[in-house]
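Dear colleague,

I am handing over a structure that you have not worked with before, and below it I set out what was found in it. Please read the notes with the structure open beside you.

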Amino acid sequence: MDKKLVIRYTVLGILFFLPVAFLLMLLPAKHNYNALDIVKGNIQDLQTVSEYELKDHITVLAFFGKDPLQKATAASNLKELIYDKFKGFKKFQIIAILSPDAKGNLDVLKREIESHEDLKYWHFAFLSDEETQNIFNSLQSDRPLNDDLSTSRVFIVDMDLNQRGRLDDRTEREQENNHVVYDLTSYDCVEVAILKNKMSEDMRVLFTEYREKRKGDFDSSTRRANELKGVTDEQEN
């Protein structure tokens with residue numbers, strides 16, 4: 001047979017069989033996902049103080065306070081980078097807590113963030129100052145609410161009223177250099193990179209966790225939690 005034909009058929013054979021072999025290798029593999037860390041449990045639900053509830057939902061919880069228009073940029077970023085991406089997922093919702101004083105500005109805020117799209121899964125709960133503070137105090141945060149009971153940071157609460165986030169938010173290089181451990185318990189909506197590179201990924205991981213749990217084959221161990229334990233053990237030793 002002509003040498004050129006042999007080479008041609010050999011190359012074609014490799015191009016055909018290599019992807020098939022790769023797929024066959026993947027079929028028996030068990031896919032494990034790293035669970036998103038539980039930062040704090042027993043987050044106070046809203047059902048006793050509003051028409052909305054956190055239980056049995058995957059919620060992004062925001063605090064827009066007494067003048068929500070001051071949080072228009074944060075709200076727009078949250079809408080574009082998180083709401084638009086996850087609004088089709090089952091049980092997903094965003095709840096923004098506002099003061100009753102903010103009712104007059106709500107329509108203006110909605111026009112700022114709507115972009116001709118429906119906010120079906122974005123709810124606004126009007127709570128008293130005390131109720132707002134009580135909800136916030138049930139969360140873990142390294143920063144208090146502003147004087148107007150607002151913050152540009154949002155929190156992820158799972159279906160079981162657990163606050164989710166990262167117990168260890170160090171980069172790989174920081175881990176290699178034994179940098180002191182720091183966490184990520186809330187996500188600043190003014191920082192676009194935080195929403196795109198961290199919160200979006202964490203939301204995806206959380207939805208994957210619940211999907212795999214429904215299938216009965218989710219490995220609940222977490223890489224970040226295990227690494228954190230390892231660092232703690234080293235420090236104790």
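Is Tyr83 buried or exposed? In this predicted model, Tyr83 has a relative accessible area of 0%, and because buried means under 20%, Tyr83 counts as buried.

Aromatic rings are a good place to begin, since the structure holds 11 aromatic pairs. In one of them, the ring centres of Tyr83 and Phe92 lie 6.3 Å apart with their planes at 45 degrees, so this pair is tilted; Phe92, with a relative accessible area of 2%, is buried. Trp122 and Phe124, by contrast, form a stacked pair, with 6.1 Å from centre to centre and 20 degrees between the planes. Trp122 is buried at 3% relative accessibility, and Phe124 is buried at 9%. These four residues belong to one aromatic cluster, which is formed by Tyr83, Phe86, Phe89, Phe92, Trp122, Phe124 and Phe207.

Two lysines are placed over rings: the charged end of Lys103 sits over the ring of Phe126, 5.4 Å from its centre, while Lys213 lies over the face of Tyr210, 5.3 Å from the ring centre.

As for empty space inside, the count comes to 1 cavity of 30 Å³ or more, and the largest cavity has a volume of about 40 Å³. Its lining consists of Gly65, Ile97, Leu98, Ser99, Leu127, Asp129, Thr132 and Leu149, with β3 (92–98) and α4 (129–137) as the elements that give two or more residues to it. By class, that lining has 4 nonpolar, 3 polar and 1 charged residues.

With kind regards

Technical notes: Residues are numbered from 1 along each chain as its sequence is written. This is a predicted model: local features need pLDDT of at least 70, side-chain atom pairs count only at pLDDT 80 or more; totals for chains, interfaces and linings use all residues. Side-chain values use heavy atoms; hydrogens and water are left out. On a 1 Å grid over the protein atoms alone, a cavity is a set of points where a 1.4 Å probe fits but cannot get out, and a pocket is an open set with protein on both sides within 12 Å along at least five of seven lines; lining residues have an atom within 4 Å of a point. Grid points are joined across faces, edges and corners, and a volume is the space filled by probe spheres set on the points. Helices (H or I, at least four residues) and strands (E, at least two) are DSSP runs, numbered from the N terminus. Ala, Val, Leu, Ile, Met, Phe, Trp, Tyr, Cys and Pro count as nonpolar, Asp, Glu, Lys and Arg as charged, and the others, Gly among them, as polar. Rings of Phe, Tyr and Trp (its six-membered ring) pair if their centres lie within 6.5 Å; planes under 30 degrees apart count as stacked, over 60 as edge-to-face and the rest as tilted. Buried means under 20% relative accessible area, exposed over 50%, partly exposed in between (1.4 Å probe, protein chains only). A charge sits over a ring if NZ of Lys or CZ of Arg is within 6 Å of the ring centre and within 35 degrees of the ring normal.
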